[in-house]
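User: I am new to this structure and would like a close look at one part of it. Please take the place where two helices cross, and then show how that part connects to what lies around it.

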Amino acid sequence: MPLIKIFIKVYNFLITSLLWMYFLFGYLFLLLFLFLPAIVISKNVSAALQNINHVHLRCFFALTRIFIRRTKFEIPDEVRQIRSAVIVCNHISYLDPILLVSLFPRHLTIVKNTFFKVPIFGWFLKNTGYIPSAPNEMMGAAMINNLEAIKKHLADGGIVFVFPEGTRSRDGKLAAFNKGVFSIARYCKAPIHLILIKNTNVLFRPGTFSFDTRAFNTIKLKLIGTLEPDFKSYNFSVSSVAQNARALFEKNLLHS
């Protein structure tokens, strides 16, 4: 193997290790010095934990910009300034959700139920107000409690971001959309902003846990549409709104 390829592999490994060590051990440090005091001091524990997580992940991407200089970020102000809305995104990399958390201090999202069972991390998810995705966690009274909490969160200026495909795309193509997020938007009478994410899968490739530090790449977030259906209309259809959203993503992916 040529010496340059060995150097690139070693450099990728070192930078990847550094970033993920900060990501993981940062949570332990924050848990000790910030999370626990926030529970005692703050009147709104979920909001405090969301904001701390936001700052932590902003630092994560600041380090990414420092050590991976060939990757740039294009995130317009119209995306950064979204408040009191549901955000629907395509999903192409594990970086997508943590990038969104780094952009919005007040945020909620839907997380796989299995993560709530992980020691420490599950405690953090629950106390931050994140929503379990398993159907048995969202039925009956639990569903109503979650929806009312989401409604208040949105009214206070927070955002809810969801990847309706449910999992990462390996080839960039859109999978079928789950309609749950559109039902949430209808219940909360919230606008739906559609954000197209591009090139996070170049920096952090599917099937690997390694950052590509050598690729020239620009990660882009683009607001491709806003859906504000007439929530007072009896003709409101969650299915039609989901179809319209997916069609906008398909159109923009085709011309990107």
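Analyst: Helix α7 passes helix α9 in a right-handed crossing. The model is a predicted one, and what follows is computed from it. The axes of α7 and α9 come within 9 Å and cross at roughly 120°. On the α7 side, the residues that meet α9 are F182, S183 and R186. Their counterparts in α9 are V238, V241, A242 and A245.

Helix α7 covers residues 180-188, and V181, F182, I184, A185 and C188 in this helix are buried. Viewed down the axis of α7, these buried residues fall within an arc of 155°, so they line one face of the helix. F182 is thus on two lists: it is among the buried residues of α7, and it takes part in the meeting with α9. Just after α7 comes K189, with a positive phi of about 55°.

The other partner, α9, spans residues 238-254 and holds both E250 and R246. These two residues are four apart, about one turn of the helix. They form a salt bridge in which the closest N and O atoms are 2.8 Å apart. Side chains of opposite charge can pair when their charged atoms come close. E250 counts as partly exposed, at 34% relative accessibility. R246 is partly exposed too, with a relative accessible area of 24%. Searching the whole structure gives two salt bridges. Besides the pair in α9, there is a salt bridge between the side chains of D156 and K152, at 2.9 Å from N to O. Here D156 is partly exposed, at 45% relative accessibility, whereas K152 reaches 52% and counts as exposed. The limit that separates these two classes is 50%.

Further along the chain from α7 is strand β6, residues 192-198. Six of the seven residues of β6 are buried, so the strand is largely enclosed by the rest of the structure. β6 is joined to β7 by seven bridges, and the two strands run antiparallel. One of the pairs across them is L196, whose bridge partner in β7 is K222. β6 is also joined to β2, by four bridges, and those two strands run parallel. In that pairing, I87 stands opposite H193 of β6. After β6, N199 is found in the loop that leads to α8. Its phi is near 80°, a positive value in a residue other than glycine. N199 counts as partly exposed, at 24% relative accessibility. S84, in the loop between α3 and β2, also has a positive phi, near 50°. The relative accessible area of S84 is 28%, which makes S84 partly exposed.

β6 belongs to an open sheet of seven strands, in the order β1-β7-β6-β2-β5-β3-β4, with mixed pairing. β1 and β4 stand at the edges, each with a single partner strand, so one side of each has no neighbour in the sheet. In the case of β1, residues 71-74, four bridges pair the strand with β7 in the parallel sense. Within this pairing, the partner of F73 is I219 in β7. Elsewhere in the sheet, β3 (residues 107-111) and β5 (residues 159-162) run parallel and are joined by three bridges. H107 has I159 in β5 as its bridge partner. In a regular strand the side chains alternate between the two faces of the sheet.

Other helices lie across these strands. Helix α4, residues 95-103, lies across β1, β2, β3, β5, β6 and β7, and runs at about 75° to β7. β6, the strand described above as largely enclosed, is therefore among the strands that α4 lies across. Helix α2, residues 45-67, lies across β1 and β3, at about 85° to β3.

To return to the part you asked about: α7 and α9 cross in a right-handed sense, with F182, S183 and R186 of α7 at the meeting place. The buried residues of α7 line one face of that helix, and α9 carries the salt bridge between E250 and R246.

Terms used:
Residues are numbered from 1 along each chain as its sequence is written. This is a predicted model: local features need pLDDT of at least 70, side-chain atom pairs count only at pLDDT 80 or more; totals for chains, interfaces and linings use all residues. Side-chain values use heavy atoms; hydrogens and water are left out. Two strands pair if DSSP finds at least two bridges between them. Contact means heavy atoms within 4.5 Å. Axes are lines fitted to C-alpha atoms, for helices over the stretch in contact, and angles run from 0 to 180 degrees between N-to-C directions. A salt bridge is a side-chain nitrogen of Lys or Arg within 4 Å of a carboxyl oxygen of Asp or Glu. Buried means under 20% relative accessible area, exposed over 50%, partly exposed in between (1.4 Å probe, protein chains only). The arc is that of the directions from the helix axis to the C-beta atoms. A crossing is left-handed if the near helix is turned anticlockwise from the far one by less than a right angle, and right-handed if clockwise.
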